[in-house]
Amino acid sequence: ITDVDKEHWLDEDSSRLEKTTVFEGLKGKEKISYVLGDYDEGEPNEITIYEYQDDQKGEKALRETRTYNIDGVSKEGWLEDDKDRLKSISVYSGEAGKERIEYTLYDYEDGIPRSRMDYIYDEDSKGDKKNLDYTGLYDISGLSDEEKETKGKGVLQEETKYSGSAAHEKI
């Protein structure tokens, strides 16, 4: 950091902005609504929209995030579902506050995903997911729509093994 950067690091200079997170909900119950990112010259180029559903306890649990390209899109259109701008969909499971990512579909072409990353967790004796065991990257370009969302389906391209306790896993 230069002296100029140190002097002005709190200024509202959007050229240094990397992410903007927008929350919704009552105080103490806030949830992420969307995240703007991939900034270029102060303008975001992508948006990730968060979707929640009630879990078994009636609390809002994260179920899906969708990331879209918004380069050249007016602000009014940022939150619109548009398969032509879709970059990725991540699917989650678990109770509110204990959600785990299950898989991510990405590498979209004409609204159709060509790749999927599966997240596999160790489970305890009750079947609760604990720490991340490994991830698998699959080419799913030749699969049916239903198979594209099925863990382990497709051509395995890469597998990454993790070790360590939950939230502290390492490759």
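In this predicted model, Tyr39 is found in the loop that links β2 (31–37) and β3 (46–54). Although it sits in a loop, Tyr39 counts as buried, because its relative accessibility is 17% and the cut-off for buried is under 20%. Beyond its neighbours within four places in sequence, Tyr39 is in contact with Leu17, Glu18, Lys19, Thr20, Pro44 and Asn45. One of these residues, Leu17, is 22 residues from Tyr39 in sequence, with a C-alpha to C-alpha separation of 6.7 Å. Another of them, Thr20, shares a side-chain to side-chain polar contact of 2.6 Å with Tyr39.

The loop between β2 and β3 also holds Asp38. Phi of Asp38 is near 55°, a positive value in a residue that is not glycine. Asp38 is partly exposed, at 44% relative accessible area. The strands on either side of this loop, β2 and β3, run antiparallel and are joined by four bridges. Within that pairing, Val35 has Thr48 of β3 as its bridge partner.

These strands belong to an open sheet of nine strands, ordered β1-β2-β3-β4-β5-β6-β7-β8-β9, with antiparallel pairing. At its edges are β1 (19–24) and β9 (155–161), each of which pairs on one side only. From one strand to the next, the twist averages 20°.

Elsewhere in the sheet order, strand β6 (residues 100–109) contains Thr104. Thr104 counts as buried because its relative accessibility is 9%, where buried requires a value under 20%. Its contacts, leaving aside neighbours within four places in sequence, are Ser88, Ile89, Ser90, Ser115, Arg116, Met117 and Tyr119. With Ser90, the side chain of Thr104 makes a polar contact to the side chain, at 2.8 Å.

Asp110 lies in the loop between β6 and β7 (112–123). Asp110 is not a glycine, yet its phi is positive, at about 55°. Asp110 counts as exposed because its relative accessibility is 62%, and exposed means over 50%.

The accessibility values of the four residues are listed below.

| Residue | Relative accessibility | Class |
|---|---|---|
| Tyr39 | 17% | buried |
| Asp38 | 44% | partly exposed |
| Thr104 | 9% | buried |
| Asp110 | 62% | exposed |

Note on methods: Residues numbered from 1 in each chain as written. Predicted model: local features only at pLDDT ≥ 70, side-chain atom pairs only at ≥ 80, totals over all residues. Heavy atoms only, no water. Helix = DSSP H or I, 4+ residues; strand = E, 2+ residues; numbered from the N terminus. Buried < 20%, exposed > 50% of the residue type's maximum accessible area, 1.4 Å probe, protein only. Contact = heavy atoms within 4.5 Å. Polar contact = N/O pair within 3.5 Å; in protein donor to acceptor, adjacent residues only side chain to side chain. Pairing = 2+ DSSP bridges. Axes fitted to C-alpha atoms, helices over the stretch in contact; angles between N-to-C directions.
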